Every structure is written in C-alpha cells, then in structure tokens.
Amino acid sequence: MKHDHHPHGSKPPKAAHGHAHHGAISGVHDHAADAHSTGAHVDPVCGMSVATDSPHQAEHAGKMHRFCSDKCRTKFLADPGRYLNSAAELAVAPAQPGTRYTCAMHPQIVQDEPGSCPICGMALEPMMPSLDEGENPELIDFRRRFWWTLPLSVIVLALAMVGHQFGGISANARTWLELVLSAPVVLWAGWPFFQRWAQSIANRSPNMWTLIGTGVGAAFGYSLVATLAPGLFPETFREHGRVGVYFEAAAIIVSLTLLGQVLELKARSSTSAAIKALLGLAPKTARRLRDDGSEEEVELTHVHLGDRLRVRPGEKVPV
C-alpha cells in the first residue's frame, strides 16, 4: 500500500479495492453489439419478434420498421407516434456483466442470466439493482396485456350474466361472440401463465401457476368443445337455449391474475427504486494522484487496484 502525506490536516489517499469496475464499459458495449447482430426486430404495434426479411415494412423518420402482418403495418402508418412511444417503453438497458439473478420467493435459486424460477415460475430479478436499469420488463408486459384485454373480459362477463335478457342476440350467437372475445384474453394475455404451468409440470413442482393454468385451460377447453360440437352434450346441459359455457370464468381469471401480478411487481419495483436511490448517492468520480503529486478527476470505472486516491474532508469515499 502506498501512502501520500499531506499537510494542513488533509486525509491520506485510499487505495482502490479490486478491479470490479474495470472493463465494465466494454462489456456493455459487446453485449449491445451481440443483440444488434442477431438480426431480429420487434413489431412496434404488437411486440412480436419479426425477421429482417419480413415483407411488411415501413419507413418513418429515416428508420425502417418491420411488422408481423399488413394489419400491424396499417395501424402503425395511421399513428406512428403512438406505437413508437410504446416500443420505447419496452427498451430495457442491458444488465451489467457479472450480474446474478435470484427469485424473490426462493432466494436459494441463483443463476447468471435472466429466466424464471424453476420452483414458483416467477421471473428472476438482479440480486443488486443497477442505476442503468429501466422499468421491470415483466411489469411493462403484464400491464400491457391487462389493459388491452380488460374491456374484452368485462364484455364477456356481461354477456354471460345478462346476455339472455337481450332479445336481439340469439343464444347461439351469444356463445360464438363470447368465444371470439375471450380467445385473445386466454390465448394471448394468459400465455405467460400457460408457459409457467407447463414449467411447473415439467419440473414436478406444483405451484400457483399449476392451479391457474389447469383451471383456465379446463374452462376454456370445455367451452370450446361445447361451442363447436354442442350435440355431444345431453339436453340437461342446456340452459337459456344453449349448452352452458364458461368463457367468462376463463377470461376473468386471467384478468384478475394479471391485475394481481401488476400490483405485486409494482410493489417490488418500489423496493428496487429505494435501493437505486441509495446507489445514486455514491460518487461517480474520484481524484487520482499522479506520480508527480498532481491529481486528476477520473470516472470510478477507471480506478484500478494500486491507484492512490485523495479524499478531502467532507467528501464521500469513492468506492
């Protein structure tokens, strides 16, 4: 350890600890370059991954955007700003090299890359939040799925509860209408739940998603068969002129589960925000002493083991 003596009561410099910050910038750059080189694009309207050679393309503000279908392309051209703002919200800063991830419910699960917990199916989170992180991508995704499909769930529920009181809609038409409206809720908004359901079965680890996936799948599957082949069911299954279906149950379960996940993720994000606020108090630069005794101000990422640092009275220690 080198020492530097200073008059007038100034504190001696402190040596930096380790190479934790060395190469962090280049690591992030390489990660971004790898992501850019994959050739995959995101449809700004629906969020689906789109190949580079997609025939559905449109140029806006000097940038070429690719779409999964002509329908999404038409929506984009009608109001580009709306979808570009939504796509910007989904952009998440890449994790710092060396970041480790764990499950909030099962801290014994630790791995070196993002994923889901093999026990409960929840998305893994960084063990130490970074100031460069954006909003939780899972929260953004679930919030979008919830708000886009909530009106459909409400309409399906209304049709199931009081639809028979409307004389202008036949029982058969009401059943098909419920199917059409509930399908996006169950098959798109509820798709992450079915993925976690399958994971719980594969890992032989029953959890909340096992129950939700089984219940929603059974309700929607039974109702689908009752709609496509009502003759398979006895007459006692008929009510108000049709075989009883449970599309509203499947849709409402998905919407309520999404709402619960959004509230939970927002609460966890608030905790992460408090930690980020503490990280923000750390100094971003340090005063490094040269061999001739002069000092230079450098970023903390450029401080290495063996460097001599000067910390003046009242300043924060740059570690």
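Ile 169 sits in the loop between H4 and helix H5 (171–189). The model is predicted. Because its relative accessibility is 31%, Ile 169 counts as partly exposed; the partly exposed class lies between the buried limit of under 20% and the exposed limit of over 50%.

Ile 169 also belongs to a nonpolar patch on the surface, together with Leu 157, Met 161, Val 162, Phe 166 and Leu 177. The accessible area of these residues together is about 470 Å². Helix H4 (residues 137–162) gives the patch its largest share, 3 residues.

H5 follows the loop that holds Ile 169. The helix has 19 residues, so at 1.5 Å a residue it should span 27 Å, and the 27 Å between its end C-alpha atoms agrees with this. H5 has a kink of about 35 degrees at Ser 182, shortly before the proline Pro 184. Ser 182 is itself buried, and other buried residues of H5 include Ala 171, Arg 174, Glu 178, Leu 181, Val 185 and Ala 189.

The largest nonpolar core has 28 residues, of which Phe 193, Val 216, Val 254 and Leu 258 touch the most other members. H4 and H5 are among the elements that give two or more residues to this core, as are the three helices tabulated here. The largest share, 7 residues, comes from H8.

| Helix | Residues |
|---|---|
| H6 | 191–202 |
| H7 | 208–228 |
| H8 | 247–279 |

In soluble globular proteins, nonpolar side chains tend to be buried together.

Methods: Residues are numbered from 1 along each chain as its sequence is written. This is a predicted model: local features need pLDDT of at least 70, side-chain atom pairs count only at pLDDT 80 or more; totals for chains, interfaces and linings use all residues. Side-chain values use heavy atoms; hydrogens and water are left out. Patches are made of residues with over 30% relative accessible area and no salt bridge: like charges are joined within 9 Å, nonpolar side chains (Val, Leu, Ile, Met, Phe, Trp, Tyr) within 5 Å. Accessible areas come from the Shrake-Rupley method with a 1.4 Å probe; for residues, only the protein chains shown count as cover. A salt bridge is a side-chain nitrogen of Lys or Arg within 4 Å of a carboxyl oxygen of Asp or Glu. Helices (H or I, at least four residues) and strands (E, at least two) are DSSP runs, numbered from the N terminus. Buried means under 20% relative accessible area, exposed over 50%, partly exposed in between (1.4 Å probe, protein chains only). The expected span of a helix is 1.5 Å times one less than its number of residues. The bend at a residue is the angle between axes fitted to the seven residues ending there and the seven starting there. A nonpolar core is a set of buried Ala, Val, Leu, Ile, Met, Phe, Trp, Tyr and Cys residues joined through side-chain atoms within 4.5 Å.
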